[in-house]
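Visitor: I'd like a close look at a single part of this structure. Pick a starting point and follow the trail from there, please.

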Amino acid sequence: MKNISNKAAIDKLIFALDADNYKDALSWVELLSGHVGMFKVGKELFTAVGPKIVESIKERDQRVFLDLKFHDIPNTVARAAESAVRLNVDMFNVHASGGGQMIKEAVSAAWACADKLDRTRPILLAVTVLTSLNNTDLAEIGFSKNTDEMVLRLAKLAQTAGASGVVASARDIVLLRENLGGKFIIVAPGIRSANATIKDDQKRTLSAYDAINTGADYIVVGRPIRTAKDPLKACHEIVQEISAGLAGK
Ligand code: C5P
C-alpha cells in the first residue's frame, strides 16, 4: 500500500458550490476551506452573483473550477477563456461538441493570456455528452452514434485539440482511461459515498473510492456534503475514501 498524504487526497476533492446567493456560497467556502481541494462555481451561482464569488474564493487562497461549459463560435469562446484566466480560475470548461477549432482557440487564448499574466495555466476541460442525455436523446438531435461512442469520439477530439482533460460520468472513467492514456485529466461528478443513504437524481453513481481507484484525477461532490447532518464530517469521510482509492491503485 502506498503512503498517501491527506493533502494529496484533499486536492482531488472538488466541492460543487451549488448555492443561489453570495451569502450562502461564502459560508460554505468559509466552512470547507482547507478541507476540499477546489470549489466548483456553476451557472446558477455565477449568473446570480457574478465574478465576486470567484474573487472571494481566490482571496481565501482556495482553488476555483469555473463550470460554465462555454459553447459558441471559436472567437467568442477564446475571449471567454481569456476572461476566465483573468479571473484567475484554476480550472474551467467548454463543450467538446463546439468542435476542434473552438477547443484549439480556447486553449491557445487561455495559455497565451496566462503566460502574459505570468500565472499558472488553468486546467481546461471539455464536456463530452451530458449525462442527462441517453441514446434516444442523441438520435432526436440527429446523432447516429450511441452515448459511449460519442463520449469517446468527443474526448479524443478534445485531446487532439489540446484540452487538458474531460468531465466524465463515473460510468465512463474506465473506458476513457484505457483509451486516452494516463496523463489526460478525468474529472468525475455523480459520486456517492460507499455507504450513502441519500437518494437523489444522480442515477449512475460511483463511490469516491471506486472513482479514484479506476482512474479519476478529481471527483466533484455536492449534495453528499451539503445535505449531510455534519458536512465537515461527511467531507472528511470522502477524503478518507479518496486516500484509500489512491493507496489501492
Ligand atoms: O454531488 P451532487 O450530485 O450534488 O453534484 C452535482 C454537481 O455536479 C452539480 O454542480 C452538477 O452540475 C455537476 N454535474 C453532474 N453531472 C454531470 C456533470 C456535472 O452532476 N454529468
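Guide: R171 is partly exposed, with a relative accessible area of 42%, while D172 is buried at 6%. (Buried means under 20% relative accessible area, exposed means over 50%, and partly exposed lies in between, using a 1.4 Å probe and protein chains only.) The side chains of these two meet in a salt bridge, 3.8 Å from N to O. That term asks for a side-chain nitrogen of Lys or Arg within 4 Å of a carboxyl oxygen of Asp or Glu, and by this rule the count comes to 13.

A quick word on what you're looking at. This is a predicted model, where local features need pLDDT of at least 70 and side-chain atom pairs count only at pLDDT 80 or more, though totals for chains, interfaces and linings use all residues. Residues are numbered from 1 along each chain as its sequence is written, and side-chain values use heavy atoms, with hydrogens and water left out.

Back to the trail. R177 and D217 also form a salt bridge, at 2.7 Å from N to O. They sit 40 residues apart, R177 in helix α9 (residues 173-180) and D217 in the loop between α10 (208-213) and β8. Both R177 and D217 are buried. Helices here are DSSP runs of H or I with at least four residues, strands are runs of E with at least two, and the numbering starts from the N terminus.

That loop brings us to strand β8 (residues 218-221), which pairs with β1 in the parallel sense over three bridges. (To pair, two strands need at least two bridges between them in DSSP.) I219 in β8 stands opposite L13. Strand β1 (residues 13-16) is covered on both faces: L13 and F15 on one side, I14 and A16 on the other, are all buried.

β1 also runs parallel to strand β2 (residues 38-42), again joined by three bridges. There, A16 has K40 as its bridge partner. K40 does another job for our tour: together with D67 and K69, K40 belongs to a network of salt bridges.

How do you get from β1 to β2? Helix α2 (residues 22-32) comes in here, making a right-handed β-α-β unit with the two strands. Right-handed means that, with the strands pointing away from you, the path from the first strand over the helix to the second runs clockwise.

Helix α2 holds E30, whose salt bridge with R60 has its closest N and O atoms 3.0 Å apart. This pair links distant parts of the chain, since R60 lies in the loop between α4 (52-59) and β3 (64-70), 30 residues away. E30 is partly exposed at 49% relative accessible area, and R60 is partly exposed at 30%.

Finally, look at the nonpolar side. A nonpolar core is a set of buried Ala, Val, Leu, Ile, Met, Phe, Trp, Tyr and Cys residues joined through side-chain atoms within 4.5 Å. The largest one has 73 residues, and L13, L17, V41, F92 and I219 have the most contacts inside it. Helix α6 (residues 100-116) gives the most to this core, with eight residues. L17 touches residues including W28, F39, K40 and V41, not counting residues up to four places away in sequence, where contact means heavy atoms within 4.5 Å. Apart from that core lies another, of 13 residues, among them M38 and L125.
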